[in-house]
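Here are a few short exercises to work through with the model open. Try each one before you read its solution.

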Amino acid sequence: MLFKKQKEELKEKRMKKRNNNLVGVIMGSKSDWDVMKNCCETLKSFQIKYNVRVISAHRTPKRLEKFIKESEKNGTEVIIAAAGGAAHLAGVTAALTTIPVLGVPMQSVLKGIDSLLSTAQMPAGVPVATLAIGKAGAINSALFAIAILSRKYPNILKKLQTYRNQFEKKVPKTPY
Ligand code: RP5
């Protein structure tokens with residue numbers, strides 16, 4: 001009996017070690033990847049562990065529930081949710097967890113305005129921090145997640161400060 005319990009504890013420990021992704025990145029469709037890969041590349045450039053999944057609030061609601069349960073169990077600290085059109089993914093995710101949710105509106109037939117409003121205009125009570133439409137939002141969602149994590153992890157803070165300082169050197173002083 002005790003042996004079985006110990007085995008289970010060991011299994012859980014191993015699982016935790018394997019899955020300690022600080023950030024979860026989800027998107028409503030595979031078609032969002034072209035934009036959302038910019039988010040993942042930014043996380044990677046800061047050596048942040050993340051997992052990435054295609055999850056839709058309306059097409060795969062069970063997958064969303066499972067993902068959230070696993071994220072909570074595995075200590076995920078920020079979830080980035082990207083969707084386009086009637087973009088409810090970030091809102092539904094935020095409703096199911098207290099992990100901070102960052103929303104990225106995807107381009108759509110209405111140029112992403114519908115996605116932006118659906119993601120940002122959450123009624124009071126369940127917030128979604130919404131970034132810009134498309135690539136800028138994808139990159140900034142990663143940087144925002146990094147800024148949140150940097151309050152707790154000094155090594156991440158150092159990298160973020162270095163990244164910000166580089167702007168001073170990169171931006172030309174004159175426009176010509
Ligand atoms: C949303 O619908 C997705 O996030 C995507 O932006 C949009 C279109 O999806 P597909 O029809 O390309 O799969 O749920």
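**Exercise 1.** Which residue is the bridge partner of Ala-83 in strand 4?

Solution. First, some housekeeping: this is a predicted model, where local features need pLDDT of at least 70 and side-chain atom pairs count only at pLDDT 80 or more, while totals for chains, interfaces and linings use all residues. Residues are numbered from 1 along each chain as its sequence is written, and side-chain values use heavy atoms, with hydrogens and water left out.
Next, strand 3 covers residues 78-83 and strand 4 residues 101-105. (Strands are DSSP E runs of at least two residues and helices H or I runs of at least four, numbered from the N terminus.) The two strands run parallel and are joined by 5 bridges; pairing takes at least two DSSP bridges. Ala-83 has Pro-105 as its partner.

**Exercise 2.** Work out what strand 3 pairs with through Met-27.

Solution. Look at strand 1, residues 23-27, which runs parallel to strand 3 with 5 bridges between them. Met-27 is partnered by Ala-82 there.

**Exercise 3.** Are the residues of strand 3 buried or exposed?

Solution. Buried means under 20% relative accessible area, exposed over 50%, and partly exposed in between (1.4 Å probe, protein chains only). Here 6 of 6 residues are buried. Val-78, Ile-80 and Ala-82 point one way, and Ile-79, Ala-81 and Ala-83 the other. For the protein, 39% of its 176 residues are buried.
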